[in-house]
Amino acid sequence: MIDVLIVGGGGAGLRAAVAVAETDPALKVAVVSKVYPMRSHTVSAEGGAAGVIAPGDTLDEHCYDTISGGDWLCDQDAVEAFVAEAPKELIQLEHWGCPWSRESDGRVAVRPFGGMKKMRTWYAADKTGFHLLHTLFQTTLKYQDIIRYDEWYVTKLLVDDGRVHGVVATEIRTGRIETIPARTVILATGGCGRVFPFTTNAAVKTGDGMALAYREGAPLKDMEFVQYHPTGLPFTGILITEAARAEGGWLINKDGYRYLQDYDLGKPTPTPRLRSMELGPRDRLSQAFVHEQRQGRTVDTPYGPVVYLDLRHLGEAKIDARIPFVRELCRSYQNLDPATDLIPVRPVVHYMMGGVHTDLHGATPIAGLYAAGETACVSINGANRLGSNSLPEILVFGRRAGIAAAAFAKEHREAEPPAVRSQGEDERRRLERAREGGRPRNGRGERIADLRERMQHTLEGAAGIYRTGDVLAKAVDTLAELRERAEEARMEDSSTAFNTELINLLELRSMLEIAQTIAACALNREESRGAHQRTDFSARDDAAFLAHSLVHRAPDGTPSVGLLPVTITRWPPGERVYGRD
Ligand SMILES: Cc1cc2nc3c(=O)[nH]c(=O)nc-3n(C[C@H](O)[C@H](O)[C@H](O)COP(=O)(O)OP(=O)(O)OC[C@H]3O[C@@H](n4cnc5c(N)ncnc54)[C@H](O)[C@@H]3O)c2cc1C
């Protein structure tokens with residue numbers, strides 16, 4: 001039997017796999033991934049990874065920036081552990097071969113990043129995720145015993161009596177369905193940006209892991225906190241990394257004016273602020289965009305209103321040295337050259353602060369089930385993640401989950417209970433029935449793509465940058481109804497080989513579960529904090545809501561939302577202050 005089965009071959013999953021292999025080479029480890037590991041979304045990270053290394057910076061300052069950036073919703077014990085271990089992980093990565101960019105004297109180069117008051121973001125030009133994932137992938141190859149299920153899609157967790165016993169997965173190439181028994185499972189399935197219509201997230205980011213855990217009774221945490229990144233290319237949603245602003249880029253409105261000087265990085269302010277304003281936190285910058293739009297100072301395009309990112313003053317040499325990928329993306333996808341042209345940008349859904357509720361070691365309330373990376377909520381990101389904290393997060397907590405799962409697997413050697421076999425058989429029948437739905441006799445039901453679009457627009461309308469209670473309440477109902485309709489969705493392909501329609505259907509069902517939790521948590525939180533801004537409750541309310549949202553799936557399938565206290569260690573809640581000269 002497999003000791004540690006990891007679902008996900010991105011940064012968190014591969015880091016966990018190496019940790020297990022290093023803990024005890026005798027343990028049997030497997031990595032199941034619906035895409036070839038190097039195609040996981042981690043590969044597309046551009047800007048960098050935060051970790052204290054530069055002279056004059058301190059661990060406490062990184063903690064404080066993260067906690068205030070997260071509007072005091074982070075668990076501070078988790079942040080302290082994260083900040084202390086992040087530099088060690090980045091150095092470890094260097095030893096495994098990650099080519100961090102360097103200063104001319106040979107020291108690791110760091111760049112400023114949004115909401116970080118000191119320079120602490122390590123980078124490998126603007127292809128950090130590519131190098132990070134490559135480094136981890138090649139390191140896993142040292143351990144020949146790591147079993148890989150590439151392009152296998154996990155459809156169910158096998159859970160009996162509060163304890164996980166493995167998964168059911170289908171091989172996308174052949175349609176083969178297998179029960180894979182395991183002593184522990186680590187979910188490292190990434191985020192779920194695809195629940196929104198306009199996102200930087202790869203098509204694979206459909207929240208499967210969150211849905212798998214939620215369906216089996218594990219709660220999700222802080223799902224209402226959805227990060228909009230202020231600079232996505234219109235139409236494609238491709239990200240223009242924050243590094244472009246870190247290297248000196250400006251945001252200007254339709255009058256060519258650096259409008260952020262009029263905002264307290266979000267709310268209009270009478271006192272102009274000039275310094276570092278483009279490097280405010282992402283929630284505030286995205287909110288400032290909405291204010292500009294309301295004032296008629298954005299530019300209308302067929303793909304929505306935009307402002308401009310101006311890099312022209314940086315010059316060709318700096319752009320090519322520091323952010324070559326930005327130039328490549330602009331040329332390929334926008335047919336313009338940032339050395340001479342303005343880049344049209346608008347806010348785009350980028351990251352989920354919420355996820356599967358875990359402790360500091362990735363453990364969920366289901367025994368033997370762990371979660372790490374973007375699919376988990378430890379929580380270090382609170383109400384708003386700071387850019388460049390996610391890559392070190394997947395390393396630090398991927399490793400921690402790997403070590404914890406390895407220890408659990410060594411202590412719990414019991415055989416799997418018979419109930420698990422029958423669960424596996426039930427799941428096989430369910431999948432076969434769904435696929436059979438694709439027989440020609442079936443011209444009924446709605447198209448998967450139509451239901452998906454309806455879900456995405458419902459969620460954007462209700463849980464976008466600004467939200468109100470009545471619209472959210474309607475969205476919860478609409479999403480519940482869409483979930484039922486998705487059970488009857490039309491399938492046109494009953495083949496076994498590469499049945500991507502079946503995968504799309506299963507992903508849609510995952511996304512609908514998640515979308516509903518986002519709307520329900522947003523409705524329940526009657527305050528404004530970080531990325532969650534309610535026009536009907538515009539102030540932060542620490543008395544009632546200095547707490548995580550915890551959402552369980554009720555037996556009738558509806559989300560049931562409660563609150564969980566935040567862990568405060570050394571930093572009492574205060575005001576978020578940025579960009580003061
Ligand atoms: C464009 C972009 C740029 C970014 N830039 C930065 C940056 O500069 N700095 C930073 O800190 N963060 C950045 N982020 C965020 C960061 O990259 C991600 O949060 C992080 O890489 C997520 O890693 P992960 O391992 O949790 O998930 P992923 O890398 O998304 O991997 C998820 C894995 O789960 C597998 N999987 C999912 N569902 C299933 C299933 N049902 N069955 C089997 N396998 C499954 C997938 O195949 C995949 O291997 C960026 C994000 C984006 C989208």
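## Strands that pair: the start of the chain

Two strands pair if DSSP finds at least two bridges between them. Keep that in mind as you look at this predicted model, beginning with strand 1 and strand 2. Strand 1 covers residues 2-7, and it pairs with strand 2 in the parallel sense over four bridges. One spot to find on screen is V4, whose bridge partner in strand 2 is V29.

Is strand 2 mostly covered or mostly open? It's mostly covered: strand 2 runs over residues 29-33, and five of its five residues are buried. In a regular strand the side chains alternate between the two faces of the sheet. You can follow both faces here: V29, V31 and S33 sit on one side, A30 and V32 on the other, and all of them are buried.

## The whole chain

Now zoom out. The protein chain holds 15 helices and 24 strands. Its C-alpha trace spans about 70 × 55 × 50 Å along the principal axes. Why call the 23 Å radius of gyration a match for a compact globule? Because a compact globule with 581 residues would have a value near 25 Å, and the 23 Å of this chain agrees with that.

What share of the residues is buried? Of the 581 residues, 61% count as buried. The chain also brings together residues that sit well apart in sequence: take the contacts between residues at least 6 apart, and 74% of them join residues at least 24 apart.

## The outside and the charges

The protein chain exposes about 21000 Å², and carbon and sulfur atoms supply 51% of that area. As for charge, there are 70 positive and 78 negative side chains. The centres of these two sets lie 2 Å apart.

## Strand 17 and its neighbours

Strand 17, at residues 343-352, is another mostly covered one, with ten of its ten residues buried. Which strands does it run antiparallel to? One is strand 11 (residues 226-232), joined to strand 17 by five bridges. Here Q227 stands opposite Y351. Another is strand 16 (residues 304-310), which is joined to strand 17 by three bridges. In that pair, L309 stands opposite I343.

## Two open sheets

Let's take the five-strand sheet. This open sheet has the order 20-18-10-23-24, with mixed pairing. Its edge strands are strand 20 (376-377) and strand 24 (559-565), and each of these pairs on one side only. Further in, strand 10 (residues 220-221) and strand 23 (residues 547-553) run antiparallel, with two bridges joining them. Look for L220, which stands opposite V551 in strand 23.

Three strands form another open sheet, in the order 3-5-4, and here the pairing is antiparallel. At the edges are strand 3 (49-50) and strand 4 (110-111), each pairing on one side only. Two bridges join strand 3 to strand 5, which covers residues 121-122. If you'd like a residue to click on, A50 has T121 as its bridge partner in strand 5.

## A proline in a loop

Finally, where is P281? You'll find P281 in the loop between strand 14 (267-268) and helix 7 (282-294). Is P281 buried or exposed? Its relative accessible area is 1%, and buried means under 20%, so P281 counts as buried. Compare its place with that of V7: the two are 274 residues apart in sequence, and their C-alpha atoms are 31 Å apart in space.

Definitions and conventions:
Residues are numbered from 1 along each chain as its sequence is written. This is a predicted model: local features need pLDDT of at least 70, side-chain atom pairs count only at pLDDT 80 or more; totals for chains, interfaces and linings use all residues. Side-chain values use heavy atoms; hydrogens and water are left out. The radius of gyration is taken over C-alpha atoms; the globule rule is 2.2 Å times the number of residues to the power 0.38. Buried means under 20% relative accessible area, exposed over 50%, partly exposed in between (1.4 Å probe, protein chains only). Contact means heavy atoms within 4.5 Å. Accessible areas come from the Shrake-Rupley method with a 1.4 Å probe; for residues, only the protein chains shown count as cover. Lys and Arg count as positive and Asp and Glu as negative; His and the chain ends are not counted. The place of a charge is taken as NZ of Lys, CZ of Arg, CG of Asp or CD of Glu.
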